[in-house]
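Subject: Model handover

Hello,

Please find the model below, with my notes after it. They go chain by chain.

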Amino acid sequence: MTTTTELPDVRAARDRAGKIALLRRRTTAYWLILPSVLFLGAIVFYPLVVGLAEGFRNHNRLQPWLIRFNGIDNYVKALGDREVLLALRTSFVMVIGIVGLSYLLGLAGALVLDRQFRGRGVYRALILVPWVIPPVVAYISWQWMLNDQSGVINNVLLQLGLIDHPVLWLADPRLAMVSLIAVGTWSRFPFMTITILAALSAIDREITDAAAIDGANKWQIFRSITFPMILPISVIGTLLQAIWTFNDFGLPFVLTGGGPANATTPLILLSYKEAFQRYNIGYGTSLAIISMVLMLGLGAIYLRMQKRQGVYE
Amino acid sequence: MRGHAAVSPPAVRTDRVVPGAPARSTVVSRRRPHAGRRAVGLAGTHVAMILVCGFALAPLLWAISSAFKSDSEIMTGISLVPTHPTLDHFRAVIAESGFARWFLNSLLVSVGVTFLSIVVGSLAGYAMSRWRFRGRGLYGNSLLAVQMFPGVMLAIPMYLLLTRFGLIDTLFALLVTYLTFALAFSVWMLKGYFDGIPREIEEAALVDGLTRLGALRHVILPLAGPGIVTVAVNAFLLSWNEFFFAYVFLASSEKFTLSLGLYSFIQQFTTQWGNIMSAGVLSTIPVLIFFFALQKSLTRGLVSGATKG
Amino acid sequence: MHIDNDRRRSWNRRGASFTLALSLVAATAACAGAGTGGGAGPSGGETASQEATSTGGEKVVLDYWDMQWGSPAFMNQLKDNVKQFNAEHPDIEVKFQQLAWGDYTQKLLSAVQAGNPPDIGGGDSGIPFNMDAQGQTLDISDLYAEWEKDGTFADMPDWAHEKWRYNGKAVGITWQFDQRAIFYRTDLFEAAGITPPTTWEELLAAAKALNKPDEGQIGIAFPGKQGSYDTDQFYMTFVMQAGGGLSDIDGNPTFDTPEQLAALKMVKELSQYAAPGTPSWTFTEVLKEFNQGKAAMAFGGGWFVGDIKKNAPQLADKIGVLPVLIGPGGKEAQHCVSFANPWMIYNQTKHPEQAKEFLRWMMKKENLQKLYASEPGGKWPVYKSLLDDPIYSEDPITAELAKQVVNQGVDYWYPNNAGAVGIGSMGTGIADIIVNPVLSGQVEPEAALADAQEKLGPLFVTEK
């Protein structure tokens, strides 16, 4: 490494020129994103196109003699179907409930775990359990724990005298929704915790400590320093989590089967049932596309709202 | 480091901000008088964490309890603690089922996906963070948009596509599929993390003679430790627990991943509850232990930073 | 070091090649680490044909896919049977592949579409019809003629083979039955002075008398969860006993009929004497309740017996099976639900003769007997003569169940399999649209059935 004895300002100018030149080298950027583009193209693009095309066909896998192109008939049918509109509402309630609660819980957990204290590592590992545990085991366990007659939750509540007859956690339409949101939150908050924790650890303590010395209390520090700095990752984290929750049919499918009486059937479950249980791939896909278009629209609005916060900077 | 913070508040100089390097020592000494409040705060912290962890652990505790119970007690008993603990299920799972094979398959796929998501994700995240290239917005949005289409809908076209190329019933097919789905989070997370690392640091590295990629590898990535850990955890768990595509793509039982293996305990009518719970426990604990070790080492060692003088 | 154009270019080249190299290395590493290379899928058909044509007389390879019908013991016996067949037929090799219980139909459909279905396949009791509707089944009428002649069919309940006559062909053959019945606690009935019911009215009365929620006892336990196949089986039992079914002789759906209405109302009345959480129950919850001694009656199947003996032995001698009930349909409709599970041969097979040989062999009484014996009480025989076998006749409950299956069991495709296409594509439609909404009090029976007629009706369309 050679060092020159140039004058400082000459060196600065040269550095600046170099930086600008580097920035101009956009082709490097294209090379860097090439691998991911290749994967996306090869794996997702073709099936996606084929999948999307299904939405415009009348296609029941068990009635292949009826396959034909039917334009937007599927969509017209879907938007006029009471069941579909109910499923849409259920999806929204579920997503907002689960993502909102898991974010709040995750944020609280991350703020606590960000501090140095003994045993922190153990808690950090234990909090991952809902994420690590195989879903089938988790769903079976929750189902058993929530059962009205033999579930441990009701048994404990009865013994403690908090209730006098069993609560129908999964059999009452409204309570089933509550249970679903609770289990969904349970399974997704570790992701939020870890993501926010990573963002928090990038915040320089000097800043917050300086503010504390300046007389700011915890809430002010959080609001003016901490939160803005974790906002970009919070936005992306919640957006992705909302997308994943919206598309997750496994949880309602196993826990409640979508019931009772369709009370917990989000749109994705309806789409799955149509496509995979009634073999109506055409109609099922059109429901999936409706949900995708919705997500695209809402996602765009959501990101635009946060644009100033530096997500795209 | 700066000197003791005496009277004037320390100025926040952005050119010296290094992520994660604590500068507490001097400031703490001024907080002695509140030691009592801190003790209460600490107790409160522990209580809060115990509650949250209790919530997180409940189903696992139930699964562990069931894993040690006889089938009879699982069906008839309602207590958390097994009255006559038995190791039968663990023995059945380890010795008589394909558990070891499933574990190995899952491990292969998950580690592969994790490694590749970090590599591919950091390359792309770096590009997104440091360059304003044409199509940047489109690329970033496409990553998100692709996530929006339900994976299950892609399963059948993918099955047909993979069959045509003879890739059906291979772990490779799973690996590239999971990688694709893990990319959105990897790229965006690392981009966000890189955004928080000032360009001056890599400019300094470049001036010092490192190549662009060398700078990425030796300077930036170490600073992005927590971001990388998060991406790794996400990619690993996505692959470890995924069921649907594994079910569609795999056929031979020696290629089964853990999630498929667990499902094989579900028979037509009965499910081998004890076995599925013990297999589930055996799938969870090693991963937890690994993540515990991983977190401690990565977030401590690498965050001490590359302060430039 | 200062930055100049040469360096910039070399970074770029380096960057590019590095990225490319990395991707290739990663890909190769992944390939190597993935265990086996590609193409190890079910392509037995193609390889077999190549082998057969290139070296006439070489081994013919057949693919046989079947589900996880039972315990590991049962599956091992199945695999052993296959091995024995292979040993006895040196010119044929059958490769067995196990399907899991999620979406096996989708998998079969995809395989059919991709051109590589198995040669012989198992499936639920409706798959051969749906496959035939797409022209994918091989007609085994010649095997039927054989079995008529050599007395095999005489030893079977008629329905076990008549069911599979469809579109002028024989599309499959039954190899085992499933069984559903209502179990009851003999001691609880005795203590309350009630005789086991034989009709619908008596069932209601018994359930009412034995339903004591304050003492933690429920009258009858049955499944009602949405999205579960368990739920529709309880309902269909009553539909059959009311003299109804899912389709008429022309294949039109018959949801909106008096028979189904009667059955639905019966189920709704019975739910008053069941657990309030029934809309979230599957067979698992029912069995748990029965095992814990908290249910006076329980709707379940053959596997209940083994389970109770193992998990609640103190109850084992206190249980009985209700006779098949008589409902509004009278004695002609005295049926219980019993699925006839089939084997079929796929049309795309390149070796029909060998596939038929395999089927012939697997259906032989002594070979099926080995399968049944590996899980006593789990699988019910298609051969009436096997009823005398100790595994069925020793235990009184098993004997009763076996008798019911063989003499009174039918499934959804009886008596009119003309509606097979629709019946096979409903998924959990009956549970979701008819039973669960009524059980949870959200929909009235008449409305639920009208809804079903409207929503599930289109699935029965077979006009091309």
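A residue is called buried here if 20 or more other C-beta atoms lie within 10 Å of its own. On that count, 52% of the 309 residues in chain B are buried. Please keep in mind that this is a predicted model, and that confidence varies along the chain, as set out next for chain B.

Confidence in chain B

Chain B has a mean pLDDT of 79, with 83% of its residues at 70 or more. Among the elements of chain B, helix α5 (residues 99-130) has the highest mean pLDDT, 92, and helix α1 (residues 25-28) the lowest, 40. The pLDDT is below 50 over residues 1-31 of chain B, a stretch that has 43 contacts in the model beyond near neighbours in sequence. Residues 300-309 of chain B also stay under 50, and for them the model has 19 contacts beyond four places in sequence.

Chain B: fold and domains

The secondary structure of chain B consists of 14 helices and zero strands. Of the contacts in chain B with a separation of 6 or more, 75% are between residues 24 or more positions apart.

One helix to look at is α11 of chain B (residues 225-241). Its 17 residues should span 24 Å at 1.5 Å a residue, and the end C-alpha atoms are 24 Å apart, which agrees. As for its surroundings, 17 of the 17 residues of α11(B) are buried, so this helix is largely enclosed by the rest of the structure.

The domain assignment splits chain B into domain 1 (33-86) and domain 2 (97-304). Their centres, taken over C-alpha atoms, are separated by 30 Å. Eight residues from domain 1 of chain B and seven residues from domain 2 of chain B make up the contact. On the domain 1 side, the elements that give two or more residues are α2 (35-67) and α3 (71-76) of chain B. The most come from α2(B), with five residues. By class, the domain 1 side of this contact in chain B has five nonpolar residues, one polar and two charged.

Chains A and B

The contact between chain A and chain B takes 82 residues from chain A and 92 residues from chain B. On the chain A side, helix α2 (residues 26-54) of chain A provides the largest share, 17 residues. The side of chain A that touches chain B divides into 58 nonpolar, 14 polar and 10 charged residues.

Chain C: fold and domains

Chain C has 20 helices and 13 strands. Of its 464 residues, 52% are buried. Residues 24 or more positions apart make up 75% of the contacts in chain C with a separation of 6 or more.

Each domain of chain C is assigned in two segments: domain 1 covers 44-177 + 339-410, and domain 2 covers 194-335 + 419-460. The C-alpha centres of the two domains of chain C are 29 Å apart. In the contact between them, 16 residues of domain 1 of chain C meet 16 residues of domain 2 of chain C. On the domain 1 side, α5 (127-133) and α17 (396-408) of chain C each supply at least two residues. Helix α17(C) gives the most, six residues. That side of domain 1 of chain C has eight nonpolar, seven polar and one charged residue.

Chain C: strand β9 and helix α11

Strand β9 of chain C (residues 295-301) has seven of its seven residues buried, so it is largely enclosed by the rest of the structure. Strand β7 (residues 180-185) of chain C pairs with β9(C) in the antiparallel sense over five bridges. By contrast in direction, β8(C) and β9(C) pair in the parallel sense over three bridges. Met297(C) in β9(C) takes part in both pairings: its bridge partner is Tyr184(C), and Ile220(C) also stands opposite it.

Helix α11 of chain C (residues 258-270) has 13 residues, which should span 18 Å at 1.5 Å a residue; its end C-alpha atoms are 18 Å apart, which agrees. The buried residues of α11(C) include Ala262(C), Leu264(C), Met266(C) and Val267(C), and also Glu259(C) and Gln260(C). The buried residues of this helix pack against α9 (200-210), β8 (218-221), α10 (229-241), α19 (429-439) and α20 (445-456) of chain C.

Regards

Technical notes. Residues are numbered from 1 along each chain as its sequence is written. Chains are lettered from A and ligands numbered from 1 in the order in which they are written. This is a predicted model: local features need pLDDT of at least 70, side-chain atom pairs count only at pLDDT 80 or more; totals for chains, interfaces and linings use all residues. Helices (H or I, at least four residues) and strands (E, at least two) are DSSP runs, numbered from the N terminus. The expected span of a helix is 1.5 Å times one less than its number of residues. A residue is buried if 20 or more other C-beta atoms lie within 10 Å of its own, exposed if 12 or fewer, and partly exposed in between; C-beta atoms are placed from the backbone. Two residues are in contact if their C-beta atoms, placed from the backbone, lie within 7 Å. Two strands pair if DSSP finds at least two bridges between them. Ala, Val, Leu, Ile, Met, Phe, Trp, Tyr, Cys and Pro count as nonpolar, Asp, Glu, Lys and Arg as charged, and the others, Gly among them, as polar. pLDDT is the predictor's confidence in each residue, from 0 to 100. Domain bounds come from an automatic or database domain assignment.
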